[in-house]
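Reader: I would like a close look at one part of this protein: the hollow spaces inside it and the packing around them. Please take me through it step by step.

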Amino acid sequence: MVKNIGFSCILIFLLFFLPFLWAEPARTPPAPPDPPASAEPDEPDQPAPQGNIDAGSMLNVLVGGQLRQMDMETYLAGVLRAEMPASFQLEALKAQAVAARTYMLYKRANGGSPNHPEADACGDINCCQAFQTYEEAAPGWGQDAQTFEEKIRQAVAETDGECVLYQGQPVLAVFHSSSAGVTQDASAVWSGSMPYLQSVQTPESSETVPNYHSTASFSAAELKGILQDALPEANLTGRASNWFTNIQQQPSGIVTSLAVGGVTVSGARLRSILDLRSACFTISFDGDTVTFSVTGYGHGVGMSQYGANVLAAGGMNYRDILAWYYTGTTVEIYRSAQNSSSAGAY
């Protein structure tokens with residue numbers, strides 16, 4: 001009897017449990033691998049936005065005889081269109097954007113211009129900074145108009161709120177087109193020196209600047225009339241070759257001073273009188289013709305635009321370009337209580 005009970009138990013075990021022993025055990029799906037500790041979403045490599053400082057700063061700008069209100073971002077885009085070739089390197093355009101913003105803020109902080117007390121700035125290059133709308137600039141850009149406009153807006157956006165500062169304050173960030181190997185100390189052109197507007201080397205040349213060398217020719221009679229109007233005390237008798245004496249020049253060729261009919265003037269003053277492209281010139285005489293051979297373009301103080309473009313093409317970024325031309329300065333976001341008491345405003 002006991003044997004029968006034992007046999008029955010064995011038979012029940014074989015019938016009900018043996019299939020489970022033969023079957024393949026259920027598999028748990030493998031867990032996904034742990035992500036790397038530094039894994040981040042795959043996003044385009046773009047600079048982080050700096051905010052909307054320019055967009056929040058409103059200006060009154062006198063353009064074409066009309067007073068217009070616009071934000072700093074719009075104003076700077078207009079200045080870049082007018083003041084620097086849009087074909088330039090992006091880092092050069094960014095340097096120009098910072099310089100233009102700084103110049104605007106310096107002028108406003110120091111009382112603006114007596115020519116337009118109702119406006120923060122104007123579009124007259126002889127008073128403030130030139131200004132162009134997209135509609136005015138586009139025809140000259142041709143098929144590149146959209147590309148150039150996008151690059152200008154990028155230069156403004158990626159430098160939002162940044163200024164050239166000396167001891168924490170915006171500098172007089174003047175600029176010019178090109179120089180003859182060195183820029184000018186401010187004291188050589190204007191009445192006083194500024195610690196950040198010193199003479200520095202600049203790399204542009206005839207290979208990188210169109211019309212780097214130019215000439216201006218006058219008949220002796222024409223030249224005499226222009227000089228006599230500007231310098232009535234000058235003695236302009238005799239041959240034209242005797243009118244210009246005691247010419248003082250820097251090694252680069254920039255004329256610092258000379259005597260015109262016995263009256264001592266700076267090279268910058270004669271440049272202005274004769275509308276020469278720069279104060280780096282030599283004078284030659286051929287019969288009744290007087291020719292000024294000129295190198296570079298502009299007053300020569302501060303940032304050279306073509307020099308900045310050469311530096312940018314060589315790999316220098318806009319902050320280093322600005323530090324190169326404005327001695328002892330830093331480039332930082334500048335905040336003041338001019339427009340708002342909030343921490344992020346100008």
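**Cavity, pocket and core**

Author: Start with the enclosed space. The largest cavity has a volume of about 70 Å³. This is a predicted model, and a search of the whole structure finds 1 cavity of 30 Å³ or more. Its lining comprises 15 residues. Ser179, Ile254, Ser278, Gly298 and Gly300 lie nearest the centre of the cavity. By class, the lining of this cavity holds 6 nonpolar and 9 polar residues. No charged residue takes part in that lining.

Now the open space. The largest pocket has a volume of about 1000 Å³. It is lined by 30 residues. Closest to the pocket centre are Glu83, Ile125, Phe175, Gly298 and His299. Gly298 is also among the residues nearest the centre of the largest cavity. Four elements give two or more residues each to the pocket lining: helix H3 (72–83), strand E6 (175–176), helix H8 (267–274) and helix H9 (305–313). H3 gives the most, with 3 residues. The pocket lining divides into 17 nonpolar, 8 polar and 5 charged residues. Charged residues therefore appear in the pocket lining, under a scheme that counts Asp, Glu, Lys and Arg as charged.

Next, the packing. The largest nonpolar core has 68 residues. Tyr75, Met303, Ile321, Leu322, Tyr325 and Tyr326 have the most contacts inside this core. Elements giving two or more residues to the core include strand E1 (58–63), helix H5 (134–141), helix H6 (145–157), strand E4 (162–166) and helix H10 (318–325). H3 and H9 also belong to that list, and both give residues to the pocket lining as well. Helix H4 (90–109) is another of these elements. H4 gives the most to the core, with 11 residues.

Take Ile321 as a sample of the packing. Leaving out residues up to four places away in sequence, Ile321 touches Glu91, Ala95, Met303, Ala308, Leu311, Ala312 and Met316. One of these partners, Met303, is itself among the residues with the most contacts inside the core. A separate core of 25 residues lies apart from the largest one. Leu231, Trp243, Val260 and Leu276 are among its members.

Last, the setting. The protein chain has 346 residues, and 43% of them are buried. Its secondary structure comes to 10 helices and 14 strands. Among contacts between residues at least 6 apart in sequence, 64% join residues at least 24 apart. The accessible surface of the chain is about 18700 Å². Carbon and sulfur atoms account for 52% of that surface.

How values were computed:
Residues numbered from 1 in each chain as written. Predicted model: local features only at pLDDT ≥ 70, side-chain atom pairs only at ≥ 80, totals over all residues. Heavy atoms only, no water. 1 Å grid on protein atoms, 1.4 Å probe; cavity = no way out; pocket = protein on both sides within 12 Å on 5 of 7 lines; lining within 4 Å. Points joined across faces, edges and corners; volume = space filled by probe spheres on them. Buried < 20%, exposed > 50% of the residue type's maximum accessible area, 1.4 Å probe, protein only. Contact = heavy atoms within 4.5 Å. Areas by Shrake-Rupley, 256 points an atom, 1.4 Å probe, with all protein chains shown as cover. Core = buried A, V, L, I, M, F, W, Y, C linked by side-chain atoms within 4.5 Å.
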